[in-house]
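Here is a set of questions and answers for someone meeting this structure for the first time. Please look over the sequence and the model before reading on.

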Amino acid sequence: MIRGKQVKVLIHVDGSCSVDAIEFSDASCLKVTKEITSALAGRVIDERYKPEARIRQRSPHTERERGSSCV
Amino acid sequence: MSHFVECETTFRDAQALVAALLDCGFDKLQIELHEQAVPLYGYQGDKRPQMAHIVIRRQHVGVGANDVGWERQSDGSYTAWISEFDSGVGQYASRKESARFNQVMQNKIKQEYAFQVIARQQRGLGRDVSRQRLPSGEMEVVVHGYR
């Protein structure tokens, strides 16, 4: 299994896509998802941070990092 | 950290759309690409009011078919012109399984287009792109090479 920064795109049967930037350590995760969604050029249906990112926010260390658009 | 976006796909890249049509079984010689929109013709050779920049002529679509085309709009997106006969809807709903451009084929074109447009963009940025078709009919694309 390949680890590290990667983007997984699930292209649904109707052509809509779920774009997921994984294991990014900074705001670049937002940049790469926007890069791909701009290529797809369609309406954004949903946009959110994944649960594991929210869990990390609760730790004292990452709490200080709030303000980054990607935390 | 992980950021997630769900979005629709809109045809905007003519080259990616042509590549998608090739992936869907059409031959390069069957796909016309025009800078200026050209007229579409019906199954009897009658000129239709619709115009298109990307065209597959009726003889390449099937028996009794009409021209199929995609017209570039002022916002850069492409609108598909597919007759009810060729898409198997309306009065031709009974042949929706056999119609060449039925909903299944239209979805397949959109799916292939989405892959093409992502792969072209990301490979152009020096990244590795791989894909696999899932049993559900969905396609999983993985992009590596981020620094």
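Helices and strands are taken here as DSSP runs, a helix having at least four residues and a strand at least two, and they are numbered from the N terminus. The model is a predicted one.

Q: In what order do the elements of chain B run from the N terminus on?
A: The secondary structure of chain B comes to three helices and seven strands. Written from the N terminus on, with β for a strand and α for a helix, the elements of chain B run β-α-β-β-β-β-α-α-β-β.

Q: What percentage of the residues of chain B count as buried?
A: The C-alpha atoms of chain B fill a box of roughly 55 × 35 × 25 Å along the principal axes. Among the contacts in chain B with a separation of 6 or more, residues 24 or more positions apart account for 33%. A residue is called buried if 20 or more other C-beta atoms lie within 10 Å of its own, and of the 147 residues of chain B the share that counts as buried is 37%.

Q: Which element gives the most residues to the side of chain B that touches chain A?
A: The contact takes 43 residues from chain A and 29 residues from chain B. On the side of chain B that touches chain A, the elements that give two or more residues are β1 (2–9), α3 (103–124) and β7 (139–144) of chain B. By class, that side of chain B has 14 nonpolar, nine polar and six charged residues. With nine residues, the element that gives the most to it is α3(B).

Q: Why does the distance between the end C-alpha atoms of α3(B) agree with its number of residues?
A: The helix α3(B) has 22 residues, and at 1.5 Å a residue these should span 32 Å. Several residues of this helix are buried, including B:I109, B:Y113, B:F115 and B:I118, and α3(B) is followed by B:G126, whose phi is positive, near 85°. The distance agrees with the expected span because the end C-alpha atoms of α3(B) are apart by 31 Å.

Q: Which strands stand at the edges of the open sheet of six strands?
A: This sheet takes strands from both chains, in the order β3(A)-β1(B)-β2(A)-β1(A)-β7(B)-β6(B), with antiparallel pairing. Two of these strands have a single partner strand each, so one side of each is left without a neighbour in the sheet. The strands at the edges are β3 (41–49) of chain A and β6 (128–133) of chain B.

Q: Which residue of β7(B) is the bridge partner of A:V7?
A: Strand β1 (residues 6–11) of chain A pairs with β7(B) in the antiparallel sense over five bridges, while six bridges join β7(B) to β6(B), also in an antiparallel run. On the β6(B) side, B:V129 has B:V143 as its bridge partner in β7(B). For A:V7, the bridge partner in β7(B) is B:V143.

Q: Is A:H12 buried, exposed or partly exposed?
A: The residue A:H12 lies in the loop between β1 and β2 of chain A. Leaving aside its neighbours within four places in sequence, A:H12 is in contact with A:C17 and B:E138, and its C-alpha stands 14 Å from that of A:D46, a residue 34 residues away in sequence. Because A:H12 has 19 C-beta neighbours inside 10 Å, it counts as partly exposed.

Q: Which strands are the edge strands of the open sheet of four strands in chain B?
A: The order of this sheet is β2-β3-β4-β5 (chain B), with antiparallel pairing. The twist averages 45° from one strand to the next. The strands that pair on one side only are β2 (31–41) and β5 (78–81) of chain B.

Q: Which residue takes a positive phi in the hairpin of β2(B) and β3(B)?
A: Strand β3 (residues 47–56) of chain B and β2(B) pair in the antiparallel sense over six bridges. Along this pairing B:E32 stands opposite B:V55, and B:P39 stands opposite B:M51. The hairpin has five residues between the strands, and the residue with a positive phi, near 80°, is B:G45.

Terms used. Residues numbered from 1 in each chain as written. Chains lettered and ligands numbered in written order. Predicted model: local features only at pLDDT ≥ 70, side-chain atom pairs only at ≥ 80, totals over all residues. Contact = placed C-beta atoms within 7 Å. Nonpolar A, V, L, I, M, F, W, Y, C, P; charged D, E, K, R; others polar. Pairing = 2+ DSSP bridges. Expected span 1.5 Å × (residues − 1). Buried ≥ 20, exposed ≤ 12 C-beta atoms within 10 Å, placed from the backbone. Axes fitted to C-alpha atoms, helices over the stretch in contact; angles between N-to-C directions.
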